[in-house]
Amino acid sequence: ETTRKRVDVVRDLQLAVVLPALALGALVIVLVGWSVRRGLRPLRDLATEVATQDLHDWRALPLGRAPAEVAPLIERINQLMHNVQHSVSLQRRFVADAAHQLRTPVAGIRVLSAELERELGAVPGLSPARWQPLMEQLRGSSDRLARLIGQLLSLARSETELTVDGEQRSQDIVPLVRESTEAMVLHAMHAGRMVELQAPDTPVVARAHPIWLGEVL
């Protein structure tokens, strides 16, 4: 046989092997690509849902349609979001509680400064020029501090997103009543009146929010 005939046979064998291999390879690539896209579709949907969530939306990411291989990652992300939410909640609650606790002593300072001004004005031989500038500075500083505390409370109220049930707890409200009415007692004393708290010896337990109950009082 001639060498040309052998070359033709080799070429025919190569075509018989290569063409089905190419066709099978193309089919495998298409199937694998479709499978990968279908398998990653839940992740794309999850990414879209995360992108559309509000800044203060701390809901856990759903695990129902996620592939089993990425479920541990989503669970870890959910745990991280829960920890961040708890930390932010504690920070906002601290700001609100700190601002609320500061209101009472600041109110007392303002009342006592007014009383001190009256006492100094009644001292014979004491020139007002000596103490009035200091009293004006004291009033200005206390007013600025009161405005700052009010701003902190407004910030805490706007960001904390308090719920009716989530922030309430059972507690003895008698100490809260005494603390919240301290400034009123000082005003009443200067006006010649008396404020009396009629409370039983046993604790008066109520389910309430300490900050907002203090604001009501």
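Here's a quick briefing on two surface patches and a few residues in the helices. Keep in mind that the model is predicted. Helix α1 covers residues 3-52, and helix α2 covers residues 71-121.

**Surface patches**

- Four arginines, R37, R38, R41 and R44, come together as a positive patch on the surface.
- One of them, R37, belongs to helix α1.
- There's also a nonpolar surface patch of about 600 Å², built from L24, L27, V28, L31, V32, V36 and L40.
- L40, part of that nonpolar patch, sits in helix α1.
- L40 has a relative accessible area of 40%, so it counts as partly exposed, the class between 20% and 50%.

**S113 in helix α2**

- You'll find S113 in helix α2.
- S113 is buried because its relative accessible area is 5%, and the cut-off for buried is under 20%.
- If you skip the neighbours within four places in sequence, S113 is in contact with M135 and L138.

**H82 in helix α2**

- H82 is another residue of helix α2.
- H82 comes out as partly exposed, because its relative accessibility is 46%, while exposed would take over 50%.
- Looking along the chain, H82 and L145 are 63 residues apart, and their C-alpha atoms are separated by 35 Å.

Key
Residues are numbered from 1 along each chain as its sequence is written. This is a predicted model: local features need pLDDT of at least 70, side-chain atom pairs count only at pLDDT 80 or more; totals for chains, interfaces and linings use all residues. Side-chain values use heavy atoms; hydrogens and water are left out. Patches are made of residues with over 30% relative accessible area and no salt bridge: like charges are joined within 9 Å, nonpolar side chains (Val, Leu, Ile, Met, Phe, Trp, Tyr) within 5 Å. Accessible areas come from the Shrake-Rupley method with a 1.4 Å probe; for residues, only the protein chains shown count as cover. A salt bridge is a side-chain nitrogen of Lys or Arg within 4 Å of a carboxyl oxygen of Asp or Glu. Lys and Arg count as positive and Asp and Glu as negative; His and the chain ends are not counted. The place of a charge is taken as NZ of Lys, CZ of Arg, CG of Asp or CD of Glu. Helices (H or I, at least four residues) and strands (E, at least two) are DSSP runs, numbered from the N terminus. Buried means under 20% relative accessible area, exposed over 50%, partly exposed in between (1.4 Å probe, protein chains only). Contact means heavy atoms within 4.5 Å.
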